[in-house]
Amino acid sequence: MDHSAERTLSTYLTGFVLAVVLTAIPFALVWGGLLTGPAVYYVIAVAAVLQVVVHLVFFLHLNLRSTPAENLFFLGFAAVLIFIMVGGSLWIMMDLHHRMM
Amino acid sequence: MSDTAMNEDLLEHEERKSLESREFGFWVYLMTDAIIFALLFASYVVLSKNSAAGPTSKDVFDLSHTAGETALLLFSSLTFGLATIAMSLGRSGRVVQWLIVTLVLGLGFLAMEMIEFSGMIGQGAGPETSGFLSAFFTLVGTHGLHVAFGVIGICVMIGQVLAKGLTIPVRSRLFRLGLFWHFLDIVWIGIFSVVYLPGVM
């Protein structure tokens with residue numbers, strides 16, 4: 001892995017500011033009760049996914065140029081496994097819950 | 001080039017290669033750890049409404065406490081980043097200073113989590129009370145345990161930087177510890193988005 005890959009102060013600070021904003025939005029919505037119903041869950045989910053991407057890019061320095069291909073491959077592999085196992089579990093359990101009602 | 005110089009070159013080359021494969025191995029470990037956390041999240045989501053007539057998430061969660069923990073972890077990610085920058089500039093004194101700040105923030109996070117857990121257990125909302133609380137303590141406790149190991153790792157690396165200086169193996173270890181620390185902050189995003197925020201609504 002490339003240690004010297006542009007670890008400048010501005011990269012970390014940009015990531016930090018973006019992370020603070022993406023944390024503040026869902027907290028403010030829930031705290032202030034500004035939104036209700038399913039819309040809140042969508043906002044929380046979108047903010048969380050964006051913040052994970054911000055952390056991967058600005059703190060873990062993932063990018064398509066300097067990150068070794070096998071690292072990205074493993075990240076993708078883990079994402080597929082997580083999607084199948086978590087998605088599958090929730091699908092089955094929610095379906096079961098629905099049928100037990 | 002003399003024989004010894006060539007041998008030293010070869011040795012350094014081998015050392016770099018071996019450290020690179022350790023960094024790849026550490027990345028594979030982090031990905032498997034992400035899968036463990038994902039499955040704990042799935043268990044939590046399935047069990048989160050099963051409070052067995054005991055305390056519900058609304059009764060036991062305090063959003064301002066969670067916001068404090070979030071701030072501590074996020075700041076510690078930034079300060080670890082600053083230690084990484086100091087490392088690339090070769091300033092070992094600065095590295096140690098930022099690692100100490102990160103250590104203090106990490107300990108603060110652990111202290112807040114301990115206060116939260118002991119408060120919940122004191123209210124009769126311990127892990128044995130309901131499916132919801134079992135899943136909560138398993139998920140958040142596993143993350144807390146990781147942070148505790150990260151804190152131990154930071155102590156070890158402060159010692160290594162002081163004793164050995166910023167040698168190539170020390171840099172590689174610090175780099176891997178940084179991956180671990182930033183990874184824990186990513187897991188925490190999942191925890192406040194899946195556990196705490198929906199829990200108080």
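Helix axes here are lines fitted to C-alpha atoms over the stretch in contact, with angles running from 0 to 180 degrees between N-to-C directions. In this predicted model, the axes of helix α1 of chain A (residues 9-32) and helix α3 of chain B (residues 63-88) come within 10 Å and cross at roughly 175°. Angles over 145 degrees count as roughly antiparallel, so that is how α1(A) and α3(B) run relative to each other. On the chain A side, the residues making this contact include L9(A), Y12(A), F16(A), A19(A) and V20(A), and among those facing them from α3(B) are L74(B), L78(B), L82(B) and I85(B). Sorted by class, the α1(A)–α3(B) contact comes out at 14 nonpolar, three polar and no charged residues.

Zooming out to the whole interface, chain A puts in 35 residues and chain B 38. On chain A, the elements giving two or more residues to the side that touches chain B are α1, α2 (38-59) and α3. Of these, α3(A) supplies the largest share, with twelve residues. This side of chain A has 26 nonpolar, seven polar and two charged residues.

Helix α3 of chain A covers residues 69-100, and its 32 residues should span 46 Å at 1.5 Å a residue; the end C-alpha atoms are 46 Å apart, which agrees. None of the 32 residues of α3(A) is buried, so this helix lies largely in the open.

As for confidence, chain A averages a pLDDT of 88, and 93% of its residues score at least 70. The exception to flag is residues 1-5 of chain A, where pLDDT is below 50, although the stretch has ten contacts in the model beyond near neighbours in sequence. Where pLDDT is low, the predicted coordinates should not be read in detail.

Definitions and conventions:
Residues numbered from 1 in each chain as written. Chains lettered and ligands numbered in written order. Predicted model: local features only at pLDDT ≥ 70, side-chain atom pairs only at ≥ 80, totals over all residues. pLDDT = per-residue confidence, 0-100. Contact = placed C-beta atoms within 7 Å. Helix = DSSP H or I, 4+ residues; strand = E, 2+ residues; numbered from the N terminus. Expected span 1.5 Å × (residues − 1). Buried ≥ 20, exposed ≤ 12 C-beta atoms within 10 Å, placed from the backbone. Parallel < 35°, antiparallel > 145°, perpendicular 65-115°, else oblique. Nonpolar A, V, L, I, M, F, W, Y, C, P; charged D, E, K, R; others polar.
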